[in-house]
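Reader: I would like a close look at a single strand in this structure, together with what surrounds it. Please then follow the surroundings outward as far as they help to place it.

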Amino acid sequence: MQKLKIPFILLLNFILSMVDSSYAHNCDLIMQSYPYVLVLLESSREYGCGLLRGIATYSSLYGPWNLEREIPFYLANENSSEDNDPCRWVADGIITRDTTRARQLNRSLTPVIFASYMEEHTESAARLMTNDQSVGKMGAKHFLERGFRSFGYVGYKNMFWSTKRGVSFCEELQRNGFAAECYSQSAKDSGSDMLKEQLVLADWLKSLEKPCGVFCCNDDQAQQVVRASRHADLRIPEDIGVLGVDNDEIICTLANPSISSIALNLEAAGFQAAQLLDQMMSGEQVPPETIRVEPSYVVTRQSSDISAIQDADVAAAVSFIRRNCRKPIQVDDVLQAVSVSRRCLYEKFKRELKCGVYAFIKKKRVEQIERRLIETDMSICQIALEFGFTSTDYIAQYFRSQKGVNPLEFRKQFGSSM
């Protein structure tokens, strides 16, 4: 009987096809064992990107998850007539903006966390919320410390977070004996007639007493103020100091001049949201929780990098402190730099900045320590050495007296490294 001869190439192809089929099957089983999580957040702005980075960090450490940012065909129900209807999506968990359609998910059985933008209250739902009161307060303090005595706020109509930031900004100014002029535009109309809006905003800016510190509800509005100032022939920051929120580097650094902005602990908040969603997907009975996105610090760029302090001695002292705050400077060092008596300088600081000289030194040093904790992987010991502290216990005590928490706790709350 003649043996059947199979060409070697055909045999090899058959073996490889079997291997590929087995590999693909195993991959499918592995993928199916991981949770599918839909993350419906914008990636065109820093707010969404920061949250996404935090979620991705949690997934890499405690997942992995199959993270989807768009609705792939293999997740949609076969009977779905609307691929974009989130109520029809098949997923183990969802983190999403509170769009009109996505809000219907609150009535579904899928665990969902809303990053609130449209509505302040989502009944019986877990959510991410920015601490808008703290944001407004930080904006006011930034301009007060730079000696501004005239203030403005630019926000959006009918946006709860914009309103709350403006109210908090004005309240902090009022506590210090000042008031602010407020301007708002409709978020829906912001792109419909840009030139007309710019001219109206330019006229409003011209009406403000100069120099004026203008706090904006976010970086997009800060960019509008920069453009409108150009129409009004106003100098930034000499006439108008500008401060935004979110620290969106693309917006802030492409503007001319570059825009100062309040940075938020977005990555830490995204990480916490993913952790909460993980608990919900595991079947834990988790009560509706609000995860707070907190302001971290002001990233000072050209748009507010100026001192509007009119007293020459205080202005010189503040400039010296800012240049040397990484060193263990004392009040005597400041006195030598400005050549004025201790009592005189103390009285001027109280009048201009509502604080003492040493308190201002401490605040500036702690701000720089905050930046190291958030932006670097430096150990507490390394930071202590850079700032002239003799021990980690001393820097912890110094930092806690200003912030209420020790450096490690602060880094855990605000840092991007989990």
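Author: In this predicted model, both faces of β3 are covered, with Gly-93, Ile-95 and Arg-97 buried on one side and Ile-94 and Thr-96 buried on the other. Put as a count, five of the five residues of β3 are buried. The two sets of residues follow a general rule, by which side chains in a regular strand alternate between the two faces of the sheet.

The pairing of β3 can be followed on each of its edges. Four bridges join β1 to β3, and these two strands run parallel; within this pairing, Leu-40 has Thr-96 of β3 as its bridge partner. Four bridges also join β3, residues 93-97, to β4, residues 112-115, again in parallel. Here Thr-96 has Phe-114 of β4 as its bridge partner, while Arg-97 is matched with Ala-115 of β4. Thr-96 is therefore a residue with a bridge partner on either hand, Leu-40 in one pairing and Phe-114 in the other, in keeping with the general rule that strands of a sheet pair through backbone hydrogen bonds.

These pairings belong to an open sheet of six strands, whose order is β2-β1-β3-β4-β5-β11 and whose pairing is parallel. The edge strands are β2 (66-68) and β11 (290-293), each of which pairs on one side only. From one strand to the next, the twist averages 15°.

A helix also lies against this sheet: α8 lies across β1 (36-40), β3, β4, β5 (126-130) and β11, and it runs at about 170° to β11. The helix α8 has a part in the packing of the interior as well. The largest nonpolar core has 47 residues, of which Phe-151, Phe-169 and Phe-215 touch the most other members, and the largest share of this core, seven residues, comes from α8. The surroundings of Phe-169 show how such a residue is enclosed: leaving aside neighbours within four places in sequence, Phe-169 is in contact with Gly-136, Gly-139, Ala-140, Phe-143, Phe-151, Gly-152, Tyr-153, Ala-180 and Phe-215. Apart from the largest core lies another, of 22 residues, among them Leu-208, Leu-234, Ile-240 and Cys-252.

Cys-252 leads on to a loop residue, since it is among the residues that Asn-247 touches. Asn-247 lies in the loop between β9 (240-245) and α7 (249-254), and with a relative accessible area of 12% it is buried. Not counting residues up to four places away in sequence, the contacts of Asn-247 are Glu-46, Asp-219, Cys-252, Ser-261, Ile-262, Ala-263, Val-299 and Arg-301.

From α8 one can also pass to α15, because α8 (266-281) is among the elements that cover the buried residues of α15, together with β12 (295-299), α12 (357-375), α13 (380-386) and α14 (392-403). In α15, residues 407-414, the buried positions are Pro-407, Phe-410, Arg-411 and Phe-414. They cover an arc of only 100° around the axis, which puts them on the same side of α15. On the other side of α15, Leu-408 and Lys-412 are exposed. At the start of α15, a side-chain oxygen of Asn-406 comes to within 3.1 Å of the backbone nitrogen of Leu-408.

One of the covering helices, α13, contains Glu-386, which counts as partly exposed at 31% relative accessibility. With residues up to four places away in sequence set aside, Glu-386 touches Arg-326, Arg-372 and Met-378, and its side chain makes a polar contact with the side chain of Arg-372 at 2.8 Å. The C-alpha atoms of Glu-386 and Pro-328 are separated by 9.7 Å, although these residues are 58 apart along the chain.

As for the wider setting, the protein has 15 helices and twelve strands, and 49% of its 418 residues count as buried. Among contacts between residues at least 6 apart in sequence, 68% join residues at least 24 apart.

Definitions and conventions. Residues are numbered from 1 along each chain as its sequence is written. This is a predicted model: local features need pLDDT of at least 70, side-chain atom pairs count only at pLDDT 80 or more; totals for chains, interfaces and linings use all residues. Side-chain values use heavy atoms; hydrogens and water are left out. Buried means under 20% relative accessible area, exposed over 50%, partly exposed in between (1.4 Å probe, protein chains only). The arc is that of the directions from the helix axis to the C-beta atoms. Contact means heavy atoms within 4.5 Å. A polar contact is a pair of N or O atoms within 3.5 Å; within protein, one must be able to donate a hydrogen and the other to accept it, and residues adjacent in sequence count only if both atoms are side-chain atoms. Two strands pair if DSSP finds at least two bridges between them. Axes are lines fitted to C-alpha atoms, for helices over the stretch in contact, and angles run from 0 to 180 degrees between N-to-C directions. A nonpolar core is a set of buried Ala, Val, Leu, Ile, Met, Phe, Trp, Tyr and Cys residues joined through side-chain atoms within 4.5 Å.
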